[in-house]
Amino acid sequence: MCVYVCPLQPMNNRVPMFVFFQGYLSEVGASLVDEKLKLGIVPPTGVVELAAPTFYYDRIDRAKARTKERIQSRYPNIGRRFHRIGLPEKTGSFQLFVKGYQDAAHWLRTWVNQPETAPPPITQREFQFLFEKLVALDYIIRNTDRGSDNWLIKYVLADVIDRAPVHNNEVPCDPANAKPQVPGDEKLIDLVDSETIPDAQFGSPDLHDPAPAEVEWADVSIPTVDVAAIDNGLAFPFKHPDEWRAYPFGWALLPQARIPFSDEIVDLLLPKLDDTKWVRELCEDLRRVFKNDKGFDKKIFEKQMSVMRGQIFNLREALMKKKSPYQLIQMPPQLMVEVKQKKKKSRRSRNAEYEEAPNYDSDVSGVHSTSGHVETEQPGPSTSTAAAASGAGPSTSSEAGGASSVGSKSWQETYEQKVQTKTPFFRWW
């Protein structure tokens, strides 16, 4: 299995929208989103700790490693006491290497310059579906580095299918008896009657009529296409681009971006994006991924999730209205902040609770009757408790309904919608 390691690098220091040293976690987060949405376009990626001499190390680390190796070779008893021998491990992303893929720019340019190599309509529909998956992924994670060289296409050209030759004049024989096999009476055809019937009744096709695509590719394999989304390190920003650089998507100018979303992608994504419980589970899974960072900040992570939830909300609206990817990126960026109910009690309510605290010392309580006498009650459930117990039966369904409604809250009930305003690049200090 071919893999490559993306070690910890200060790749995001030049971008003011990302957290420092989180590029490798963005790679893992993009693979997680791809897995949750069942897109299948991001190679499997995970977080690992590896050490290799080709990685960048300081002089001190390399000198320590050489010294420990020399001491272990000359004085094995002392070398056993070392906690680690060799270079220290580095944390990074570990992604599966895909074979047979080329840059998207190569095939897109080839299909335009050489129309004879362009995919047939069947393959074009498949490519459009894969392209819509790429659009959904990039828009949800807000990938700011998606150019024609950061996603790959695997295109297998058509090839002639080898078929066994069939000879119509030869009669199949049984090798054991060496006798020709004569078909039964039920399979015999009256050639005299069939010759008198005109060809129009048999529906013989006209040679000038175009054949369907399946017939045209009967002896030739249909070209196949596949897409791989790599280089997802500059994703999951904690704010939308609001300054002089907008970080546009590279696929926005392609002709495929002008086609509205298909029914297949709507059926695949809309049930998940419309479920707030699924969105909450996705945020919790991403929290476990980004917690691998030593400088993990809850506030910054919540801002990242607010941006992602805003992207999910816009994509959900675009899928409902059957917009195109080009119309999707023109929608205003939004922030969806999770609504949290604050439970605060005033000082007066606390004092009232202390004053109205019941007395549990006596088990017998006095109840005044309508005649003015005092009647004693035996220890047991009170009338209010009994009423509550009697009403517990019919209220069970309402409680269950309330619990189910909590799990299936709408977007407006679960999140607060905010629109991010763009700040001017030139400011007066």
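# Close-up views of a predicted model

**Figure 1. The buried side of helix 4.** In helix 4 (residues 104–113), the buried residues are A104, W107, L108, T110 and W111. They share one side of helix 4, because the arc they cover around the axis is only 160°. The face turned away from this buried side carries V112 and N113, which are exposed. The model shown here and in the other views is predicted.

**Figure 2. What helix 4 packs against.** The buried residues of helix 4 meet three elements: strand 4 (102–103), helix 5 (121–141) and strand 5 (151–156). Two of these partners, strand 4 and strand 5, also pair with each other. Their pairing is antiparallel and runs over 2 bridges. Within it, Q102 stands opposite I153 of strand 5.

**Figure 3. Strand 5 and its pairing with strand 8.** Strand 5 also pairs with strand 8 (residues 224–229). The sense is again antiparallel, here over 6 bridges. V156 has T224 of strand 8 as its bridge partner. Strand 5 is thus shown with strand 4, to which it is joined over 2 bridges, and with strand 8, to which it is joined over 6.

**Figure 4. The tryptophan pair of helix 4.** The whole structure holds 13 aromatic pairs. One of them is formed by W107 and W111: the ring centres are 6.3 Å apart and the planes meet at 35°, so the pair is tilted. A tilted pair has its planes neither under 30 degrees apart nor over 60. W107 and W111 are 4 residues apart in helix 4, so about one helical turn separates them. Which side of the burial cut-off, buried or exposed, does W107 fall on? W107 has 13% relative accessibility, so W107 counts as buried. W111 counts as buried too, because its relative accessibility is 11%. The cut-off for burial is under 20%.

**Figure 5. An edge-to-face phenylalanine pair.** The rings of F236 and F290 have centres 5.6 Å apart and planes at 75°, so they form an edge-to-face pair. F236 lies in the loop between strand 8 and helix 8 (263–273). F290 lies in helix 9 (residues 276–290). The pair therefore ties together parts that are 54 residues apart in sequence. F236 counts as buried, at 3% relative accessibility. F290 is buried as well, with a relative accessible area of 1%.

**Figure 6. An aromatic cluster.** Which residues form the cluster? F131, Y139, W151, F249 and W251 belong to one aromatic cluster. F131 and Y139 fall within the range of helix 5 (121–141), and W151 within that of strand 5 (151–156). Helix 5 and strand 5 are both packing partners of the buried residues of helix 4.

**Figure 7. Lysines over aromatic rings.** K68 lies over the face of F82, at 5.9 Å from the ring centre. K90 lies over the face of Y57, at 5.0 Å from the ring centre.

**Figure 8. The chain behind the close-ups.** The chain has 15 helices and 12 strands. Of its 429 residues, 33% are buried. Take the contacts between residues at least 6 apart in sequence: 81% of them join residues at least 24 apart. The accessible surface is about 28800 Å², and carbon and sulfur atoms account for 54% of it.

Terms used
Residues numbered from 1 in each chain as written. Predicted model: local features only at pLDDT ≥ 70, side-chain atom pairs only at ≥ 80, totals over all residues. Heavy atoms only, no water. Buried < 20%, exposed > 50% of the residue type's maximum accessible area, 1.4 Å probe, protein only. Arc of directions from axis to C-beta. Contact = heavy atoms within 4.5 Å. Pairing = 2+ DSSP bridges. Areas by Shrake-Rupley, 256 points an atom, 1.4 Å probe, with all protein chains shown as cover. Phe/Tyr/Trp six-rings, centres within 6.5 Å; stacked < 30°, edge-to-face > 60°. Lys NZ or Arg CZ within 6 Å of the ring centre and 35° of its normal.
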